[in-house]
Amino acid sequence: MATIQEAMAAAVAHHQAGRLGEAAALYHAVLDALPGHADAAHLLGVVHLQSGQPERAVTLIRGAIQHNHRVADYHDNLGSALKALGRLEEAVAAHRQAVRLRPEFAQALYNLGNALEAQGRLEEAATAFRQAAARRPGYARARFNLGNVLAALGRRGDADDAYRAALADDPTFVEAHANRGALLLALERPREAAADLARALALRPDHAPALSNLAAARLALGDRDGAELAARNAVAARPDLADCLLRLGEVRQRADRLGAAADAYRTALAWNPGLAEAQANLALVRQGQGLLDAAEAGNRRALALDPGLADVRSNLAYLLLFRPGVTVAAVLEAHRDWDRVHGAPHRGRWVKPGKAGARKGPLTVAILSGDFRRHPAGLFALRTVEALPGQDIRLLLYANQSESDDVTGRFRKAAAQWTPVAGLTDAELAARIRHDRPDVLIDLSGHNARGRPGVFARKPAPVQVAWSGYMATTGLAAMDALVADRHHVPEGMEAFYAERVLRMPDAFIAYDPPDVEELPLTPPPCLSGGPVTFGSFNILTKLNDGVLAAWAAILGRVPESRLLMKTKALSCPDTAALWRGRLAAAGIDPGRVTMVGATGSLDHMRWCASVDVALDPFPFSGSTTTLETLWMGVPVVTLPGETFSSRHSLAFLTVAGVEGCIAADPADYVERAVAWAADRQGLADLRRTLRTRMAAGPLCDGGKLAAALAGELRALALPH
């Protein structure tokens with residue numbers, strides 16, 4: 001018979017070769033011959049741990065420790081077995097004992113980090129992983145886990161350093177490439193992200209999370225075909241992985257393929273009905289398709305699954321603006337509901353206003369936006385922002401975006417300091433703003449996409465002002481003022497805004513229109529002998545049964561007339577078919593309707609010029625669409641309500657001096673549209689004169705608005 005020593009040597013050889021059954025048999029034989037053999041008991045326990053029997057492993061390894069409590073490996077493996085059983089506090093204690101017995105024991109420190117991470121003690125876990133890496137040169141796994149913990153802590157720059165160190169130790173570490181790619185994606189560095197994800201996929205082509213994140217990187221770089229291919233490959237690799245289906249839905253949604261996006265989100269929900277993100281994304285698709293009830297229901301399901309989803313609560317407040325019969329009181333309450341849940345926890349740490357009194361030097365005004373680009377909010381603010389430095393204002397612009405264009409360049413030129421912030425968390429961004437110490441912080445986004453209400457809720461500046469990018473109260477107790485005008489917020493309506501209302505002398509924005517040479521004026525189409533064409537250029541979410549009924553009445557009153565509907569969601573065949581059905585149900589012959597989807601901005605405005613009369617939706621009026629249509633000389637018939645978002649066209653028409661377009665009720669809306677269609681001379685005169693009046697008037701005068709705004713900001717920041 002073999003000696004104990006020979007049996008143990010053979011058992012260890014089997015164990016190291018992965019032949020666990022053979023190893024276990026020999027460990028048992030040793031223990032039968034010598035029940036107190038600590039190494040055999042310990043290693044048999046390890047076999048059971050590796051075989052998925054951690055409870056048996058704990059019993060055996062504890063027995064080994066009773067015979068010899070000074071072996072660090074015993075305590076370390078006991079900790080691993082306890083962690084597998086979910087007994088995390090005991091696991092931490094076991095790993096700590098292993099380190100006490102052998103302070104240079106890198107693996108025990110690594111395992112300690114894992115147990116602490118599982119407990120949510122991330123700072124302690126980071127320390128353990130850092131110590132493990134220091135004790136064993138080339139310990140890529142410890143550096144990798146350190147990166148994961150630091151990323152979870154929001155210390156993304158440090159996480160990137162840890163991932164790069166892991167890859168320096170092991171360039172073939174697939175997960176390190178994949179996780180670094182995901183981190184770079186979160187940091188809004190898509191080109192670098194794509195490179196690291198490609199390295200991961202070169203090593204493992206079917207790595208589904210890497211494929212999914214590569215799709216996002218390709219999307220951010222404008223490569224929609226590459227994004228679609230990567231997303232499809234991710235789903236093919238892991239059809240059961242909901243994140244891959246979410247990414248496929250996002251790619252399709254960004255390409256305006258809303259029906260296909262909805263299919264992806266529904267499939268994700270079939271795999272995991274409790275996936276709040278899928279519910280929220282599906283709600284956004286329904287919102288884009290103009291299915292308001294379905295969008296609201298989806299958002300509420302998402303919040304029921306995860307009440308902490310601030311973006312979803314923002315969407316619910318925003319959706320209320322589209323509801324027929326909406327009141328300013330209801331709008332205020334919905335937005336205050338967001339603040340009660342997501343804003344209130346930050347109120348004790350607000351930056352306090354400084355002391356009143358004289359001040360030397362320019363006023364420092366910071367502006368945060370994701371739309372310093374060719375976007376409605378950017379074009380509303382651009383001319384005024386360019387003029388603010390001339391009002392002794394020092395501008396700090398925080399860009400929550402990765403894209404840039406010619407408009408971005410103009411914003412950057414106006415800024416004393418330009419800071420990209422899309423990769424920062426709300427807490428990190430608030431800390432950065434506190435460090436820069438602006439006198440005033442302006443919000444250009446509100447609860448819209450790319451908005452950062454979580455930053456403003458932290459109040460990193462002593463005075464905060466909402467302006468131009470959101471068409472309602474923010475509801476934030478931390479927001480001091482709202483830039484408006486007498487048209488949007490008439491006298492007596494101040495109580496329905498959480499902020500102090502700052503009324504500008506004309507409109508609250510100054511439009512930056514395209515170059516006139518690129519868009520020459522053309523006569524009204526009906527003067528060529530064809531039928532009158534009515535047009536709508538607004539998102540489908542703004543359309544409702546009341547709007548469709550008014551349109552049906554107008555088309556009924558103007559024989560042979562046609563309707564043009566143009567918005568990017570109509571690029572989706574499923575959505576276009578849905579709306580042909582809705583039009584028919586409202587009494588509008590789809591044969592009289594032309595539907596057009598997304599185009600470039602100049603082509604879009606050429607389509608605006610292809611109609612004789614534009615029809616504004618209600619209760620959420622057009623804003624950019626109204627200005628673009630007016631710039632092409634086309635009248636816009638509107639029906640304002642009491643909410644801020646219902647009164648854009650009213651404000652712009654009034655400031656531009658266009659008469660005969662503002663209706664008192666739906667019947668008057670119909671009458672005014674019919675009257676414009678019959679007034680061929682009036683249409684021709686407006687085409688010929690309106691652009692000149694707009695260009696020379698306050699609606700495009702950024703300098704005048706900048707002077708008024710600067711005065712109000714100074715009064716807020718430097719009270720006497």
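**Pairing, packing and burial**

Author: Let's start with strand β1 (residues 363–369), which runs parallel to β4 and is joined to it by 4 bridges. This is a predicted model, in which local features need pLDDT of at least 70, side-chain atom pairs count only at pLDDT 80 or more, and totals for chains, interfaces and linings use all residues. Residues are numbered from 1 along each chain as its sequence is written, and side-chain values use heavy atoms, with hydrogens and water left out.

Reader: What makes β1 and β4 a pair?

Author: Two strands pair if DSSP finds at least two bridges between them. Here there are 4, so the condition is met. One bridge puts Ala366 with Leu441 in β4. Strands themselves are DSSP E runs of at least two residues, and helices are H or I runs of at least four, both numbered from the N terminus.

Reader: How do you know that β4 also pairs with β5?

Author: By the same test: 4 bridges join β4 to β5 (residues 463–466), again in parallel. Val440 has Val463 as its bridge partner in β5, and Ile442 stands opposite Val465.

Reader: Which strands are at the edges of that sheet, and what makes them edge strands?

Author: The sheet is open, with 7 strands in the order β3-β2-β1-β4-β5-β6-β7 and parallel pairing. Its edge strands are β3 (417–420) and β7 (500–504), since each pairs on one side only. On average, neighbouring strands are turned by 25° against each other, direction ignored. Helix α32 (residues 702–717) packs on this sheet and touches β1, β2 (393–399), β4, β5, β6 (481–485) and β7; touching here means contact, with heavy atoms within 4.5 Å.

Reader: What makes β4 a strand with both faces covered?

Author: In β4 (residues 440–443), Val440 and Ile442 lie on one side, Leu441 and Asp443 on the other, and all of them are buried. Buried means under 20% relative accessible area, exposed means over 50%, and partly exposed is in between (1.4 Å probe, protein chains only). As background, in a regular strand the side chains alternate between the two faces of the sheet.

Reader: Why are α19 and α20 called roughly antiparallel?

Author: The axes of α19 (residues 310–320) and α20 (residues 328–343) come within 9 Å and cross at roughly 175°. Axes are lines fitted to C-alpha atoms, for helices over the stretch in contact, and angles run from 0 to 180 degrees between N-to-C directions. Angles under 35 degrees count as roughly parallel, over 145 as roughly antiparallel, 65 to 115 as roughly perpendicular and the rest as oblique. That value is in the over-145 class, and therefore the two helices are roughly antiparallel to each other.

Reader: Why is Leu321 called buried?

Author: Leu321 is found in the loop between α19 and α20. Its relative accessible area is 0%, so it counts as buried. Leaving aside neighbours within four places in sequence, its contacts include Val331, His335, Tyr470 and Phe620.

Reader: What makes Glu228 and Arg252 a salt bridge?

Author: A salt bridge is a side-chain nitrogen of Lys or Arg within 4 Å of a carboxyl oxygen of Asp or Glu. Their closest N and O atoms are 3.9 Å apart, so the pair qualifies. Glu228 is in helix α14 (residues 224–237) and Arg252 in helix α15 (residues 242–254), 24 residues apart. Both residues are buried.

Reader: How do you know that Arg300 and Glu296 are about one helical turn apart?

Author: They are 4 residues apart in helix α18 (residues 292–305), which means a separation of about one helical turn. Their side chains form a salt bridge at 3.2 Å, N to O. Arg300 has a relative accessible area of 48% and is partly exposed; Glu296, at 23%, also counts as partly exposed.

Reader: Why does Arg557 count as partly exposed?

Author: Its relative accessibility is 42%, so it is partly exposed. Arg557 forms a salt bridge with Glu671, with the closest N and O atoms 2.9 Å apart. This pair links helix α25 to helix α30 (residues 666–678), across 114 residues. At 38%, Glu671 counts as partly exposed as well. A search of the whole structure finds 47 salt bridges.
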